[in-house]
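Please read these notes with the model open beside you. They go through the strands, the core and one helix pair.

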Amino acid sequence: DCTISLMRSASQELVVSGGTHCGFLVHTNKKPSLWDRFEIMAEQKSFNSSKGIIAHSRMIADEVRRYYGIDPEKIHCVLPPINTQLFHS
């Protein structure tokens, strides 16, 4: 059995990350509040305690490595399926 987490928890074997809170703060140019600091601490604990991390993009994988200091060997980029008929550039 393998436990997978989509949220900030600390007892899973695999974390699926659709984004990071640090990245959100940087991209929105927002200063971290007390609540943001709790979110970041929970995310850090989640990333540290998991055996692997699935990032939904190379940007997210880079954020996990840069902002949380996670070994790149632990991070795997798996792009989610996208309906190209609905979402296109």
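1. How many bridges join strand 1 to strand 2? There are 2 bridges between strand 1 (residues 4–5) and strand 2 (residues 14–17), and the two strands run parallel. This is a predicted model, where local features need pLDDT of at least 70 and side-chain atom pairs count only at pLDDT 80 or more, while totals for chains, interfaces and linings use all residues. Residues are numbered from 1 along each chain as its sequence is written, and side-chain values use heavy atoms, leaving out hydrogens and water.

2. Strand 2 also runs parallel to strand 3 (residues 52–55), joined by 4 bridges. Leu14 stands opposite Ile4 and also opposite Gly52 in strand 3. Strands (E, at least two residues) and helices (H or I, at least four) are DSSP runs numbered from the N terminus; two strands pair if DSSP finds at least two bridges between them.

3. The largest nonpolar core (buried Ala, Val, Leu, Ile, Met, Phe, Trp, Tyr and Cys residues joined through side-chain atoms within 4.5 Å; buried means under 20% relative accessible area, 1.4 Å probe, protein chains only) has 13 residues. Phe47, Ile53, Val64, Tyr68, Ile70 and Ile75 touch the most other members. Helix 3 gives the most to this core, with 4 residues.

4. Helix 1 and helix 2 pack at about 140 degrees, with axes 9 Å apart (lines fitted to C-alpha atoms over the stretch in contact; angles run from 0 to 180 degrees between N-to-C directions). Helix 1 is therefore oblique to helix 2 (not under 35, over 145 or 65 to 115 degrees).

Notes. Buried < 20%, exposed > 50% of the residue type's maximum accessible area, 1.4 Å probe, protein only.
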